[in-house]
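I opened this entry to keep track of what I looked up. The notes follow the order in which I checked things.

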Amino acid sequence: MDVTPITNKIEQDARQTAEALLAEARARIENLQERCDDTLRNQQREARQQANQEGAQLEQNLRRLGQLEDRKALLGMKRGLLDQSFDRAREQLQNLPPERLGALIMDQLVRWAKGTEKLIAGAIKPAFYGEAFIAVANKRLQEQGKPGQLQDAGTRREGVCGVVLEAEGNETQLTVESLLAEQRAGLEGEVAGLLFQDLD
């Protein structure tokens, strides 16, 4: 019996099966390649978008940082000017004629004293201070309905110009320095507020 036709048929069937499997494999590979290409394109697009967003955010952050540094420099200059201005103001107030300096301190004393404190005179420019000053202060306090029993503590407070009220371990500074410090605190708040105002 001649088996050649059978062998040829088997070979042909095998070839057809192999070609079909190969074609299916090629189709799968192409499909997989297309999906990979799509995924890669999506990833590249997302990466570009993210880079653009991060670049814009970085640019905005750098601009804000630059504005902040400029404002810090401006704040430093303004604080320097405040220092100079308040140093001059302190010197001018400390160098007022004794009667004018005494009147300035007296107004503060009458306003804040309860009338029974001890007075400590500042060691800077104390010419306005003495028994007559205390007597006038007590008289004005009595006119306001306060006891008017202020007494000299017999000591001087170094580094200040004015008087310090002392009662029961508590002190109230009625000095040129404390008056200026109070004014300066308000101005420094306004100046520092400029640091973060309108940053975009």
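I started at L119 and looked for its partner across the strand pair: L119 stands opposite D152 in β2. The model I am reading is a predicted one.

Next I checked how β1 and β2 are joined. I found that the two strands run parallel and that four bridges join them. I noted the background that strands of a sheet pair through backbone hydrogen bonds, either parallel or antiparallel.

Then I looked up the whole sheet. It is open, has four strands in the order β2-β1-β3-β4, and its pairing is mixed. Which strands stand at the edges? I noted β2 (151-157) and β4; each has a single partner strand, so one side of each is left without a neighbour in the sheet. From one strand to the next, the twist averages 25 degrees.

**Backbone angles**

I turned to phi. Most residues other than glycine have a negative phi, so I wrote down two residues that depart from this.

K125 is not a glycine, yet its phi is positive, about 50 degrees. I located K125 in the loop between β1 (118-122) and α3 (131-143). Is K125 buried, partly exposed or exposed? Its relative accessible area is 43%, and because partly exposed covers the range between 20% and 50%, K125 counts as partly exposed.

E168 is the other entry: its phi is near 55 degrees, again positive in a residue other than glycine. I found E168 in the loop between β3 (162-167) and β4 (170-175). E168 has 82% relative accessibility and so counts as exposed, the cut-off being over 50%.

**Aromatic pairs**

I searched the whole structure for aromatic pairs and got three. I wrote down two of them, including the pair of F128 and F133, whose ring centres are 5.3 Å apart. Their planes stand at 75 degrees, so I logged this pair as edge-to-face; the cut-off is over 60 degrees.

The rings of Y129 and F133 have centres 5.9 Å apart. Why is this pair tilted? The planes are at 50 degrees, and tilted is the class for planes that are neither under 30 nor over 60 degrees apart.

I then checked burial for these residues. F128 and F133 are both buried. For F133 the relative accessible area is 7%, and for Y129, also buried, it is 11%. Buried means under 20%, so both values qualify. My last note is that F128, Y129 and F133 form one aromatic cluster.

Notes:
Residues are numbered from 1 along each chain as its sequence is written. This is a predicted model: local features need pLDDT of at least 70, side-chain atom pairs count only at pLDDT 80 or more; totals for chains, interfaces and linings use all residues. Side-chain values use heavy atoms; hydrogens and water are left out. Buried means under 20% relative accessible area, exposed over 50%, partly exposed in between (1.4 Å probe, protein chains only). Two strands pair if DSSP finds at least two bridges between them. Axes are lines fitted to C-alpha atoms, for helices over the stretch in contact, and angles run from 0 to 180 degrees between N-to-C directions. Rings of Phe, Tyr and Trp (its six-membered ring) pair if their centres lie within 6.5 Å; planes under 30 degrees apart count as stacked, over 60 as edge-to-face and the rest as tilted.
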